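Trainee: I would like to request a close look at a single part of this model, namely its aromatic ring pairs. Please then place that part in the context of the other features.

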Amino acid sequence: MVGGRRFRPGGGFGRQLDEYETRVGVVPPPESPAASHGLVDSAVYLRGHRFASPSGLAETYRCLQEQDDAMAWIGLYRPDIEQITSLAREFRLHDLAVEDAINAHQRPKLERYGHTLFVVLRAARYDDLREEVEFSELHLFIGPGFVVTVRHGEAPDLAAVRRRMETEAQMLARGPEAVLYAILDQVVDGYAPVVAGLENDIDEIETQVFGGDPNASRRIYGLSREVIQFQRAARPLLSVLDALAIGAGSASDDEELRRYLRDVTDHLTQVVERVDGFRHLLQNILTVNATLVSQQQNEEMRSLTAASYSQNEELKKVSSWAAILFAPTLIGTVYGMNFVHMPELNWRFGYLFALLLMLLVCGTLYVIFKRRGWL
(Lines give C-alpha, C1' and ligand atoms only; values in the text may rest on other atoms or scores of the structure.)
Protein backbone atom coordinates (compact mmCIF):
# COMPACT_ATOMS: atom_id res chain seq x y z
CA MET A 1 0.00 0.00 0.00
CA VAL A 2 1.06 3.61 -0.51
CA GLY A 3 2.22 5.20 2.70
CA GLY A 4 1.53 8.84 3.30
CA ARG A 5 1.98 11.47 5.93
CA ARG A 6 -1.32 12.75 7.28
CA PHE A 7 -1.62 16.35 6.13
CA ARG A 8 -3.74 19.23 7.34
CA PRO A 9 -5.22 21.09 4.39
CA GLY A 10 -5.59 24.79 4.78
CA GLY A 11 -8.59 27.06 4.32
CA GLY A 12 -12.14 26.32 5.32
CA PHE A 13 -11.82 22.56 4.87
CA GLY A 14 -8.96 22.37 7.39
CA ARG A 15 -10.99 24.25 10.00
CA GLN A 16 -14.04 22.07 9.36
CA LEU A 17 -11.90 18.95 9.77
CA ASP A 18 -10.55 20.27 13.08
CA GLU A 19 -14.07 20.97 14.30
CA TYR A 20 -15.23 17.52 13.22
CA GLU A 21 -12.39 15.68 14.95
CA THR A 22 -12.94 17.71 18.10
CA ARG A 23 -16.65 16.88 18.08
CA VAL A 24 -16.60 13.12 17.41
CA GLY A 25 -12.98 11.99 17.66
CA VAL A 26 -10.43 11.24 14.97
CA VAL A 27 -12.29 8.34 13.37
CA PRO A 28 -15.95 7.44 13.95
CA PRO A 29 -16.81 3.82 14.75
CA PRO A 30 -16.15 1.77 11.59
CA GLU A 31 -18.52 -0.71 10.11
CA SER A 32 -18.54 -3.99 11.96
CA PRO A 33 -19.18 -7.48 10.55
CA ALA A 34 -21.71 -8.01 13.29
CA ALA A 35 -23.63 -4.84 12.48
CA SER A 36 -27.37 -4.85 12.04
CA HIS A 37 -28.97 -4.83 8.63
CA GLY A 38 -28.98 -1.62 6.61
CA LEU A 39 -26.57 1.28 6.72
CA VAL A 40 -23.42 0.35 8.62
CA ASP A 41 -21.11 3.27 7.95
CA SER A 42 -21.26 6.27 5.66
CA ALA A 43 -18.45 8.74 5.23
CA VAL A 44 -17.61 11.62 2.93
CA TYR A 45 -13.93 12.09 2.09
CA LEU A 46 -12.13 15.09 0.68
CA ARG A 47 -8.51 14.85 -0.43
CA GLY A 48 -8.18 11.49 1.28
CA HIS A 49 -9.47 12.60 4.68
CA ARG A 50 -12.82 11.89 6.30
CA PHE A 51 -14.80 15.09 6.08
CA ALA A 52 -18.15 14.00 7.47
CA SER A 53 -19.91 10.91 8.83
CA PRO A 54 -23.57 11.33 7.89
CA SER A 55 -26.09 9.37 9.89
CA GLY A 56 -28.28 8.58 6.88
CA LEU A 57 -28.31 8.41 3.12
CA ALA A 58 -30.09 11.73 2.67
CA GLU A 59 -27.46 13.54 4.72
CA THR A 60 -24.74 11.82 2.68
CA TYR A 61 -26.28 13.13 -0.52
CA ARG A 62 -26.33 16.68 0.87
CA CYS A 63 -22.68 16.51 1.90
CA LEU A 64 -21.70 15.42 -1.61
CA GLN A 65 -23.62 18.29 -3.15
CA GLU A 66 -22.02 20.83 -0.82
CA GLN A 67 -18.42 19.77 -1.45
CA ASP A 68 -16.78 19.61 -4.86
CA ASP A 69 -14.39 16.71 -5.53
CA ALA A 70 -15.71 14.87 -2.46
CA MET A 71 -16.13 11.11 -2.38
CA ALA A 72 -18.73 9.15 -0.44
CA TRP A 73 -18.07 5.65 0.81
CA ILE A 74 -21.34 4.03 1.87
CA GLY A 75 -21.27 0.63 3.55
CA LEU A 76 -24.44 -1.46 3.63
CA TYR A 77 -25.11 -4.85 5.17
CA ARG A 78 -28.07 -6.73 3.66
CA PRO A 79 -29.96 -3.50 2.97
CA ASP A 80 -33.69 -3.28 2.40
CA ILE A 81 -35.39 -2.36 -0.85
CA GLU A 82 -35.92 1.28 0.16
CA GLN A 83 -32.22 1.88 0.73
CA ILE A 84 -31.21 0.26 -2.54
CA THR A 85 -33.87 2.23 -4.38
CA SER A 86 -32.68 5.48 -2.82
CA LEU A 87 -29.08 4.80 -3.89
CA ALA A 88 -30.17 3.82 -7.38
CA ARG A 89 -32.14 7.04 -7.77
CA GLU A 90 -29.38 9.28 -6.39
CA PHE A 91 -26.43 7.74 -8.26
CA ARG A 92 -28.42 6.61 -11.32
CA LEU A 93 -27.56 2.95 -10.93
CA HIS A 94 -28.64 0.62 -13.69
CA ASP A 95 -31.72 -1.50 -13.06
CA LEU A 96 -29.93 -4.77 -13.87
CA ALA A 97 -27.13 -4.03 -11.41
CA VAL A 98 -29.65 -3.07 -8.73
CA GLU A 99 -31.56 -6.28 -9.31
CA ASP A 100 -28.37 -8.33 -8.93
CA ALA A 101 -27.49 -6.50 -5.73
CA ILE A 102 -30.90 -7.27 -4.26
CA ASN A 103 -31.10 -10.92 -5.25
CA ALA A 104 -27.41 -11.76 -4.67
CA HIS A 105 -26.25 -15.30 -5.55
CA GLN A 106 -24.06 -13.96 -8.38
CA ARG A 107 -20.72 -15.18 -9.64
CA PRO A 108 -17.73 -12.80 -9.47
CA LYS A 109 -17.94 -10.36 -12.35
CA LEU A 110 -17.34 -6.79 -13.47
CA GLU A 111 -19.83 -4.85 -15.57
CA ARG A 112 -19.82 -1.26 -16.74
CA TYR A 113 -23.02 0.76 -16.94
CA GLY A 114 -22.10 4.15 -18.31
CA HIS A 115 -19.76 5.80 -15.80
CA THR A 116 -20.56 3.26 -13.09
CA LEU A 117 -18.81 -0.03 -12.43
CA PHE A 118 -20.69 -2.90 -10.84
CA VAL A 119 -18.42 -5.52 -9.25
CA VAL A 120 -19.42 -8.78 -7.62
CA LEU A 121 -16.93 -10.51 -5.32
CA ARG A 122 -17.10 -13.79 -3.41
CA ALA A 123 -15.24 -13.67 -0.12
CA ALA A 124 -14.25 -16.82 1.77
CA ARG A 125 -13.55 -17.51 5.42
CA TYR A 126 -12.30 -20.72 7.03
CA ASP A 127 -14.14 -21.81 10.17
CA ASP A 128 -11.61 -23.62 12.35
CA LEU A 129 -14.20 -25.03 14.74
CA ARG A 130 -16.35 -26.69 12.07
CA GLU A 131 -13.45 -27.14 9.63
CA GLU A 132 -15.57 -25.69 6.84
CA VAL A 133 -15.25 -22.86 4.33
CA GLU A 134 -17.88 -20.14 4.53
CA PHE A 135 -18.60 -18.04 1.46
CA SER A 136 -20.22 -14.63 1.34
CA GLU A 137 -21.07 -12.18 -1.41
CA LEU A 138 -20.05 -8.56 -1.80
CA HIS A 139 -21.40 -6.08 -4.37
CA LEU A 140 -19.72 -2.78 -5.21
CA PHE A 141 -20.95 0.24 -7.14
CA ILE A 142 -18.04 2.43 -8.21
CA GLY A 143 -18.76 5.75 -9.84
CA PRO A 144 -17.61 9.36 -9.99
CA GLY A 145 -17.40 10.46 -6.40
CA PHE A 146 -18.98 7.47 -4.71
CA VAL A 147 -18.36 3.89 -3.57
CA VAL A 148 -21.26 1.75 -2.38
CA THR A 149 -20.54 -1.63 -0.80
CA VAL A 150 -23.34 -4.12 -0.24
CA ARG A 151 -22.42 -7.12 1.89
CA HIS A 152 -24.52 -10.27 2.01
CA GLY A 153 -22.31 -12.06 4.54
CA GLU A 154 -19.81 -11.51 7.34
CA ALA A 155 -16.73 -11.47 5.10
CA PRO A 156 -14.72 -9.55 4.08
CA ASP A 157 -13.87 -7.28 6.99
CA LEU A 158 -14.55 -3.92 5.36
CA ALA A 159 -14.02 -2.17 8.69
CA ALA A 160 -10.34 -3.10 8.50
CA VAL A 161 -10.19 -1.86 4.90
CA ARG A 162 -11.72 1.48 5.86
CA ARG A 163 -9.39 1.93 8.84
CA ARG A 164 -6.35 1.14 6.71
CA MET A 165 -7.38 3.48 3.94
CA GLU A 166 -8.11 6.33 6.36
CA THR A 167 -4.55 6.11 7.69
CA GLU A 168 -3.17 6.41 4.14
CA ALA A 169 -4.62 9.64 2.87
CA GLN A 170 -2.52 9.72 -0.30
CA MET A 171 -3.93 6.39 -1.39
CA LEU A 172 -7.49 7.25 -0.48
CA ALA A 173 -7.16 10.55 -2.35
CA ARG A 174 -6.77 8.60 -5.59
CA GLY A 175 -10.52 8.15 -5.60
CA PRO A 176 -13.08 5.35 -5.76
CA GLU A 177 -10.76 3.07 -7.76
CA ALA A 178 -8.31 3.06 -4.84
CA VAL A 179 -11.11 1.83 -2.56
CA LEU A 180 -11.93 -0.86 -5.10
CA TYR A 181 -8.29 -1.96 -5.12
CA ALA A 182 -8.16 -2.06 -1.32
CA ILE A 183 -11.29 -4.23 -1.16
CA LEU A 184 -9.97 -6.56 -3.86
CA ASP A 185 -6.72 -6.85 -1.93
CA GLN A 186 -8.63 -7.68 1.28
CA VAL A 187 -10.72 -10.35 -0.44
CA VAL A 188 -7.68 -12.01 -2.03
CA ASP A 189 -5.69 -11.83 1.22
CA GLY A 190 -8.63 -13.52 2.91
CA TYR A 191 -8.17 -16.50 0.61
CA ALA A 192 -4.78 -17.37 2.13
CA PRO A 193 -6.15 -18.75 5.47
CA VAL A 194 -8.73 -20.71 3.47
CA VAL A 195 -6.00 -22.31 1.37
CA ALA A 196 -4.06 -23.19 4.53
CA GLY A 197 -7.17 -24.69 6.13
CA LEU A 198 -7.99 -26.78 3.05
CA GLU A 199 -4.40 -28.00 2.88
CA ASN A 200 -4.57 -29.09 6.51
CA ASP A 201 -7.87 -30.90 5.86
CA ILE A 202 -6.33 -32.75 2.92
CA ASP A 203 -3.43 -33.88 5.11
CA GLU A 204 -5.90 -35.20 7.67
CA ILE A 205 -7.86 -36.99 4.95
CA GLU A 206 -4.72 -38.72 3.69
CA THR A 207 -4.13 -40.00 7.22
CA GLN A 208 -7.72 -41.23 7.40
CA VAL A 209 -7.52 -42.98 4.04
CA PHE A 210 -4.36 -44.92 4.81
CA GLY A 211 -5.61 -45.56 8.33
CA GLY A 212 -8.66 -47.35 6.99
CA ASP A 213 -11.21 -44.87 8.37
CA PRO A 214 -14.63 -45.79 6.87
CA ASN A 215 -15.75 -42.13 7.04
CA ALA A 216 -12.96 -40.95 4.74
CA SER A 217 -15.08 -41.15 1.59
CA ARG A 218 -17.75 -38.87 3.03
CA ARG A 219 -15.19 -36.29 4.09
CA ILE A 220 -13.42 -36.41 0.71
CA TYR A 221 -16.72 -35.73 -1.02
CA GLY A 222 -17.55 -32.81 1.27
CA LEU A 223 -14.09 -31.27 0.91
CA SER A 224 -14.24 -31.67 -2.88
CA ARG A 225 -17.44 -29.62 -2.94
CA GLU A 226 -15.78 -26.87 -0.88
CA VAL A 227 -12.81 -26.81 -3.26
CA ILE A 228 -15.13 -26.53 -6.26
CA GLN A 229 -17.01 -23.65 -4.61
CA PHE A 230 -13.69 -21.99 -3.83
CA GLN A 231 -12.67 -22.33 -7.48
CA ARG A 232 -15.93 -20.69 -8.54
CA ALA A 233 -15.20 -17.81 -6.17
CA ALA A 234 -11.54 -17.24 -7.01
CA ARG A 235 -11.05 -18.11 -10.68
CA PRO A 236 -13.57 -15.60 -12.18
CA LEU A 237 -11.90 -12.88 -10.13
CA LEU A 238 -8.87 -13.17 -12.43
CA SER A 239 -11.05 -11.94 -15.29
CA VAL A 240 -12.22 -9.02 -13.15
CA LEU A 241 -8.64 -7.98 -12.41
CA ASP A 242 -7.61 -8.39 -16.05
CA ALA A 243 -10.53 -6.22 -17.14
CA LEU A 244 -9.54 -3.52 -14.66
CA ALA A 245 -5.94 -3.66 -15.86
CA ILE A 246 -6.84 -3.16 -19.52
CA GLY A 247 -9.20 -0.27 -18.94
CA ALA A 248 -12.61 -1.41 -17.69
CA GLY A 249 -12.23 1.23 -14.99
CA SER A 250 -10.53 4.59 -14.94
CA ALA A 251 -7.86 3.01 -12.72
CA SER A 252 -6.11 2.11 -15.98
CA ASP A 253 -5.02 5.77 -16.19
CA ASP A 254 -3.29 5.54 -12.80
CA GLU A 255 -0.05 3.65 -13.27
CA GLU A 256 0.47 3.32 -9.51
CA LEU A 257 -2.90 1.66 -9.03
CA ARG A 258 -2.21 -0.63 -11.97
CA ARG A 259 0.95 -1.83 -10.22
CA TYR A 260 -1.03 -2.68 -7.11
CA LEU A 261 -3.68 -4.44 -9.17
CA ARG A 262 -0.99 -6.57 -10.84
CA ASP A 263 0.28 -7.49 -7.39
CA VAL A 264 -3.22 -8.60 -6.37
CA THR A 265 -3.43 -10.58 -9.62
CA ASP A 266 -0.17 -12.37 -8.80
CA HIS A 267 -1.44 -13.37 -5.36
CA LEU A 268 -4.75 -14.53 -6.78
CA THR A 269 -3.00 -16.58 -9.47
CA GLN A 270 -1.06 -18.43 -6.78
CA VAL A 271 -4.30 -19.13 -4.92
CA VAL A 272 -6.04 -20.42 -8.06
CA GLU A 273 -3.11 -22.68 -8.94
CA ARG A 274 -3.04 -24.18 -5.45
CA VAL A 275 -6.80 -24.73 -5.42
CA ASP A 276 -6.59 -26.44 -8.82
CA GLY A 277 -3.91 -28.68 -7.34
CA PHE A 278 -6.17 -29.46 -4.37
CA ARG A 279 -8.93 -30.61 -6.71
CA HIS A 280 -6.63 -32.97 -8.62
CA LEU A 281 -5.15 -34.24 -5.37
CA LEU A 282 -8.60 -34.98 -3.93
CA GLN A 283 -9.51 -36.89 -7.08
CA ASN A 284 -6.38 -39.00 -6.66
CA ILE A 285 -7.09 -39.53 -2.98
CA LEU A 286 -10.63 -40.63 -3.82
CA THR A 287 -9.25 -43.13 -6.33
CA VAL A 288 -6.73 -44.46 -3.82
CA ASN A 289 -9.43 -44.70 -1.17
CA ALA A 290 -11.68 -46.68 -3.53
CA THR A 291 -8.76 -49.02 -4.29
CA LEU A 292 -7.98 -49.53 -0.61
CA VAL A 293 -11.64 -50.15 0.20
CA SER A 294 -11.84 -52.67 -2.63
CA GLN A 295 -8.73 -54.43 -1.36
CA GLN A 296 -10.12 -54.50 2.15
CA GLN A 297 -13.38 -55.95 0.88
CA ASN A 298 -11.48 -58.60 -1.08
CA GLU A 299 -9.50 -59.51 2.02
CA GLU A 300 -12.70 -59.79 4.00
CA MET A 301 -14.25 -61.97 1.30
CA ARG A 302 -11.20 -64.23 1.29
CA SER A 303 -11.36 -64.49 5.06
CA LEU A 304 -15.05 -65.35 4.90
CA THR A 305 -14.40 -67.90 2.17
CA ALA A 306 -11.61 -69.51 4.17
CA ALA A 307 -13.79 -69.61 7.28
CA SER A 308 -16.66 -71.09 5.29
CA TYR A 309 -14.37 -73.72 3.79
CA SER A 310 -13.03 -74.64 7.22
CA GLN A 311 -16.55 -74.91 8.60
CA ASN A 312 -17.53 -77.07 5.65
CA GLU A 313 -14.62 -79.42 6.29
CA GLU A 314 -15.55 -79.74 9.92
CA LEU A 315 -19.16 -80.38 8.95
CA LYS A 316 -18.02 -83.16 6.63
CA LYS A 317 -16.13 -84.84 9.45
CA VAL A 318 -19.04 -84.57 11.83
CA SER A 319 -21.43 -85.91 9.21
CA SER A 320 -19.11 -88.80 8.38
CA TRP A 321 -18.72 -89.92 11.97
CA ALA A 322 -22.45 -89.52 12.51
CA ALA A 323 -23.10 -91.84 9.55
CA ILE A 324 -20.55 -94.37 10.81
CA LEU A 325 -22.01 -94.43 14.28
CA PHE A 326 -25.52 -94.59 12.91
CA ALA A 327 -24.92 -98.00 11.26
CA PRO A 328 -24.34 -100.07 14.46
CA THR A 329 -27.11 -98.18 16.17
CA LEU A 330 -29.49 -99.17 13.39
CA ILE A 331 -28.42 -102.82 13.50
CA GLY A 332 -28.56 -102.96 17.28
CA THR A 333 -32.00 -101.39 17.21
CA VAL A 334 -33.29 -103.93 14.73
CA TYR A 335 -31.99 -106.88 16.71
CA GLY A 336 -33.22 -105.40 19.93
CA MET A 337 -36.86 -105.79 18.88
CA ASN A 338 -38.86 -108.25 20.98
CA PHE A 339 -40.30 -110.39 18.20
CA VAL A 340 -40.46 -114.19 18.46
CA HIS A 341 -40.11 -114.94 14.77
CA MET A 342 -36.96 -113.15 13.73
CA PRO A 343 -34.07 -114.61 11.69
CA GLU A 344 -30.94 -115.56 13.60
CA LEU A 345 -32.55 -115.08 17.04
CA ASN A 346 -32.01 -118.73 17.93
CA TRP A 347 -28.87 -119.07 15.85
CA ARG A 348 -25.78 -119.99 17.83
CA PHE A 349 -23.61 -117.45 16.04
CA GLY A 350 -26.24 -114.65 15.80
CA TYR A 351 -24.58 -112.36 18.33
CA LEU A 352 -21.20 -112.69 16.64
CA PHE A 353 -22.84 -112.12 13.25
CA ALA A 354 -24.46 -108.87 14.45
CA LEU A 355 -21.14 -107.55 15.76
CA LEU A 356 -19.32 -108.44 12.58
CA LEU A 357 -22.05 -106.80 10.50
CA MET A 358 -21.70 -103.62 12.52
CA LEU A 359 -17.93 -103.60 12.06
CA LEU A 360 -18.26 -104.31 8.36
CA VAL A 361 -20.71 -101.47 7.73
CA CYS A 362 -18.69 -99.01 9.80
CA GLY A 363 -15.46 -100.00 8.10
CA THR A 364 -17.00 -99.67 4.66
CA LEU A 365 -18.35 -96.19 5.42
CA TYR A 366 -15.00 -95.15 6.87
CA VAL A 367 -13.16 -96.20 3.72
CA ILE A 368 -15.64 -94.39 1.49
CA PHE A 369 -15.47 -91.13 3.45
CA LYS A 370 -11.70 -91.35 3.69
CA ARG A 371 -11.32 -91.69 -0.06
CA ARG A 372 -13.52 -88.67 -0.61
CA GLY A 373 -11.48 -86.61 1.80
CA TRP A 374 -14.18 -86.13 4.35
CA LEU A 375 -12.09 -87.69 7.06
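Mentor: In this predicted model, a search of the whole structure yields seven aromatic pairs. One of them joins Tyr61 and Phe91. The arrangement of these two rings is edge-to-face, with 5.8 Å from centre to centre and 90 degrees between the planes. Because Tyr61 belongs to helix H2 and Phe91 to helix H3, this contact of rings ties together parts that are 30 residues apart in sequence. Tyr61 and Phe91 are both buried.

Phe91 also takes part in a pair with Phe146. Here the centres are 4.1 Å apart and the planes stand at 15 degrees, so the pair is stacked; planes under 30 degrees apart count as such. This pair, too, links distant parts of the chain: Phe91 is in helix H3, whereas Phe146 is in strand E7 (residues 146-151), and 55 residues separate them. Phe146 is buried, as is Phe91. Through these ring pairs, Tyr61, Phe91 and Phe146 become a cluster.

The surroundings of the cluster may be considered next, beginning with the nonpolar cores. The largest nonpolar core has 59 residues, and the members that touch the most other members are Leu121, Ile183, Tyr191, Phe230, Leu237 and Leu268. Helix H7 (residues 176-210) supplies the largest share of this core, with 16 residues. Apart from this core lies another, of 27 residues, and Phe146 is among them, together with Val44, Leu87 and Val98. Phe146 of the ring cluster is thus a member of this second core of 27 residues.

Within the largest core, Leu237 offers a detailed example. Leaving aside residues up to four places away in sequence, Leu237 touches Pro108, Leu121, Leu184, Val187, Val188, Tyr191 and Leu268. Among these contacts of Leu237, Leu121, Tyr191 and Leu268 are themselves listed with the members that touch the most others.

The loops that adjoin the two helices of the edge-to-face pair also deserve attention. Asp69 is in the loop between helix H2 (57-66) and strand E3 (71-77). Its phi is near 60 degrees, a positive value in a residue other than glycine. Most residues other than glycine have a negative phi. Asp69 counts as exposed because its relative accessibility is 75%, and the cut-off for exposed is over 50%. A second case is Arg92, in the loop between helix H3 (81-91) and helix H4 (95-103). The phi of Arg92 is positive as well, near 55 degrees. With a relative accessible area of 77%, Arg92 is exposed, whereas Phe91 is buried.

Charged contacts complete another part of the picture. The structure holds 14 salt bridges. One of these connects helix H7 with helix H9: Glu199 lies in the former and Arg274 in the latter, 75 residues apart, so described as a link between distant parts of the chain. The side chains of Glu199 and Arg274 meet at 2.6 Å, N to O. Glu199 is partly exposed at 34% relative accessibility, and Arg274 is partly exposed at 39%. Helix H7 therefore appears in two roles, as the source of the largest share of the largest core and as the site of Glu199.

Elsewhere, Arg130 and Glu134 form a salt bridge with an N to O distance of 2.4 Å. Arg130 has a relative accessible area of 47% and is partly exposed; Glu134, at 24%, is also partly exposed. Both residues belong to a network of salt bridges that links Arg125, Asp127, Arg130, Glu132 and Glu134. A further salt bridge joins Lys109 to Glu111, with the closest N and O atoms 3.4 Å apart. Glu111 counts as partly exposed at 26% relative accessibility.

Finally, aromatic residues also occur on the surface. Trp321, Tyr366 and Val367 form a nonpolar patch there, with about 280 Å² of accessible area together. Trp321 is placed in helix H9 (residues 255-335), the helix that also holds Arg274. At 44% relative accessibility, Trp321 counts as partly exposed, whereas Tyr61 and Phe91 in the ring cluster are buried.

Key
Residues are numbered from 1 along each chain as its sequence is written. This is a predicted model: local features need pLDDT of at least 70, side-chain atom pairs count only at pLDDT 80 or more; totals for chains, interfaces and linings use all residues. Side-chain values use heavy atoms; hydrogens and water are left out. Patches are made of residues with over 30% relative accessible area and no salt bridge: like charges are joined within 9 Å, nonpolar side chains (Val, Leu, Ile, Met, Phe, Trp, Tyr) within 5 Å. Accessible areas come from the Shrake-Rupley method with a 1.4 Å probe; for residues, only the protein chains shown count as cover. A salt bridge is a side-chain nitrogen of Lys or Arg within 4 Å of a carboxyl oxygen of Asp or Glu. Helices (H or I, at least four residues) and strands (E, at least two) are DSSP runs, numbered from the N terminus. Buried means under 20% relative accessible area, exposed over 50%, partly exposed in between (1.4 Å probe, protein chains only). A nonpolar core is a set of buried Ala, Val, Leu, Ile, Met, Phe, Trp, Tyr and Cys residues joined through side-chain atoms within 4.5 Å. Contact means heavy atoms within 4.5 Å. Rings of Phe, Tyr and Trp (its six-membered ring) pair if their centres lie within 6.5 Å; planes under 30 degrees apart count as stacked, over 60 as edge-to-face and the rest as tilted.
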